[in-house]
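The exercises below are meant to be worked through with the sequence and the structure at hand. Each task is followed by a solution that goes step by step.

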Amino acid sequence: MKVRTSCAGLRNLLQRLSVSDKYCSKHNRLQTICLYSKINPPKCHILDCSWSTCAHRTVSPGSILPWRFFTCKEGTKIPSKRKQNTSITTSELLYKNLLKSERENWNDTSARYKAMTKRIKEKIEELHNKYTFNLGSPRIRFGENVYFEENGCIFLSKADDDEGNVDILFSTEDLGLSDAFIRQIRISPDQRYMAISLKSENSEEITCVIMKLGQFPVVEKVIPNVFSFEWATNDVLYYTSQKNLKCQDVLMTTFTNQKRTKLVYTEQDARFFVDIHRTKDRRFLTINSNSKTTSEVWLVDCRNPFKLPALVQARTKGVIYHVEHRNDELYILTTYGEPAEYKLMKAPIASSGIENWQLVYALEDKTKLVDLEMFSDHCIMFLKNAGQLYLNVISFVSHSVQSIKLPTWACEFELESHPEHTTSTCYFQLTSPVHPPKRFAYSFKQNNLIEQAVQEVPIITNCHTTRLLAKSKDETLVPITVFHNMNSKELHRKPLLVHVYGAYGIDLNMSFKEEKLMLIEEGWILAYCHVRGGGELGLRWHRDGCQHNKLNGLHDLRACIRLLHQQGLSQPKYTALAAASAGGVLAGALCNTDPELIRAVVLQAPFVDVLNTMRKTHLPLTIEEQEEWGNPLADEKCMKFIKSYCPYQNIKPQPYPSVFITAYENDQRIPLTGVLRYVQKLRKAALDYASRTSQKGNRIPNIILDIQASGSHCDLSWEDSLNEVARHLAFLNKELEEVCHLQHHGKSCK
């Protein structure tokens, strides 16, 4: 690749840029919420110039973005009386002492895992180099120009250039921002401007840089604290401003001769989060104001961007909707009507009220809509049903629906960007935790699915995939996806790693991870429990596991682990549990109610202090989170219910599994103070139990807290992620080796 450098001096204009942030990935609007571990190719993000963000996965339109799920940092000090100030000082001193104590404890403990961590890192890197051949960086074509991003640089090439000449339009490293990554890119319609959002792993603040393109690209403007942005015209940009993890203001800035910025929209309800998207045909921008359960959309006419936005449908409690446009009609993806699952409806632009919505297509029962992609004469729905992936291709011309079943090994879609809605082909990738991504294309002209043989993909032939159904306490059937080595014998004596999440209607992350493949090769069994509270079986599956139904997720998890053992897949003393973020609620609750089911637990940035967090309304996201967890301040019954399952509140002297927790000092979503309190209380309970009982064979579990000074809730660098995963797996291997040593007189678990 021949590179021509054409970046003008940007460093001075970006000095104020703070390190900033995965879905959220990923996400798409889904950057996966850091489920258990996250190994991504170094600094390589999908370049997206359509309505979704730069990421590897997407979430159903109208859904809430995973990287703003639950709480944020502890926060706001309110100085008034001297007594209050003294209390704050004492609290801060206690916090600093605990932090220091935990770091000293980790330094003393980490040496035990050093050799195994090194071995695991080397193996993961070997697999990474083997399987990250990848399909190259996604390329976005605008006429004869092709834009793509690699390793923190944005390149421009010509579609008909066979010599590989490219221009560098932007480079994070040249700006001294090598730890920042490019989160999102938008090219103006005439390609004179390029808007870029930058984020790093240590903060969730995002800065938008607007470049004026040409022979020598220069920085035109830098806007701090931006979440989403779209070009309405060649020189008018709309964006949302983010403060304390909340987006409630929409602004417009112009790059005409008379440059100006003005406020366009403000959301008054703290439960709602505002973002901006562009319809696929570039006719409208949509201002989307979403709570966890309710939506409202306003349209900005790209032909007249200075005109006031027009309301599509006033918010109606319990109705979520997202808008696309085609041929002077609005296509509305919505939960309106019975059953309260997603449906595709349409309405005229001139009369877009809910009374004029006409049904186009309704999803089948227990079907999860992963994404919807609009084209000029078709739309494609990406669906999951009982773990099986499907495409539903809807033709607006013939009014037909074609359903295509995808390969049974596939567990996850990874969509590619399609900036031109008139394209005749839709590209996407399929993957699973143990299968690297394979590229597929659906051709509207040929009306068929094509597997793309762009590059030889090593075939994973020694892994068996099984889908089970566990009967929960109320007899609801809960899906489990299981992977194990086909050559493994005596599966009841193999180590088992169980994964759980169960919140916000978000699926477990089942994209490819090198460490999962390593575990399969080493004889582990992997199980993914799709419990209620997640979204694997549609919106009702989420509703049945949130607020007053939260215990359903715990019952589901218990039933899943028991079924796995009954099926001869490992046994409690060889079983480990992995969870992250809000998944820590169910994992922590199971440790309190059924500690005998598991030997060890690894938790990444876990939410384990639900009750205290939901009582603190001064935290920016607490009010918004009430639709997921309830409001314990306004409802005593809710308070008692949260207290009944909250991991921190229910710790008691009893035998506990060993626990390894990774937390981040800069995490704005999970207060570190809550994690510190949880660890202290858990250790005390385990020691109290051990001191009260003197039975032979009693053990004191290892309760380890690894506090990372770098990193944030949703984004880690490749190196930090690799180190974290290796530490987790070294811990699990050590814990299970102890069992194996006792059971098999020193023979390895493998």
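**Exercise 1. Describe the accessible surface of the chain and its overall make-up.**

The accessible surface of the chain comes to about 29,300 Å², of which 49% belongs to carbon and sulfur atoms. This is a value for a predicted model, as are those that follow. Turning from surface to burial, 61% of the 750 residues of the chain count as buried. The secondary structure of the chain consists of 11 helices and 37 strands.

**Exercise 2. Determine how helix α5 and helix α6 are arranged relative to each other, and which residues make their contact.**

Begin with the axes: those of α5 (residues 550-566) and α6 (residues 583-593) come within 10 Å and cross at roughly 65°. Angles of 65 to 115 degrees count as roughly perpendicular, and α5 and α6 are therefore roughly perpendicular to each other. The sense of the crossing, in which α5 passes α6, is right-handed.

Next, list the residues involved: α5 contributes K550, G553, L554, L557, R558 and I561, while α6 contributes L586, A589, L590 and T593. Sorted by character, the residues of this contact comprise six nonpolar, two polar and two charged. The spacing within each list can be read against a general property of helices: an α-helix has 3.6 residues a turn, so residues three or four places apart point the same way.

**Exercise 3. Decide whether α6 is largely enclosed or open, and name its buried residues.**

Apply the cut-off first: a residue is buried when its relative accessible area is under 20%. By this criterion G583, G584, V585, L586, A587, G588, A589, L590, C591 and N592 of α6 are buried. Since 10 of the 11 residues of α6 are buried, the helix is largely enclosed by the rest of the structure. Among these buried residues, L586, A589 and L590 also take part in the contact with α5.

**Exercise 4. Examine the backbone at P339, L245 and K366, and locate each residue.**

The background is that most residues other than glycine have a negative phi, and most peptide bonds are trans.

- Step one: E338 and P339 are joined by a cis peptide bond with omega of about -10°, and P339 sits in the loop between β19 (329-334) and β20 (343-348).
- Step two: L245, a residue other than glycine, has a positive phi near 70° and belongs to the loop between β11 (236-243) and β12 (246-254). Its relative accessibility is 5%, so L245 counts as buried.
- Step three: K366, likewise not a glycine, has a positive phi of about 60° and lies in the loop between β21 (358-362) and β22 (367-374). At 47% relative accessibility, K366 counts as partly exposed.

Notes. Residues numbered from 1 in each chain as written. Predicted model: local features only at pLDDT ≥ 70, side-chain atom pairs only at ≥ 80, totals over all residues. Heavy atoms only, no water. Axes fitted to C-alpha atoms, helices over the stretch in contact; angles between N-to-C directions. Helix = DSSP H or I, 4+ residues; strand = E, 2+ residues; numbered from the N terminus. Parallel < 35°, antiparallel > 145°, perpendicular 65-115°, else oblique. Left-handed = near helix turned anticlockwise from the far one by under 90°. Contact = heavy atoms within 4.5 Å. Nonpolar A, V, L, I, M, F, W, Y, C, P; charged D, E, K, R; others polar. Buried < 20%, exposed > 50% of the residue type's maximum accessible area, 1.4 Å probe, protein only. Areas by Shrake-Rupley, 256 points an atom, 1.4 Å probe, with all protein chains shown as cover.
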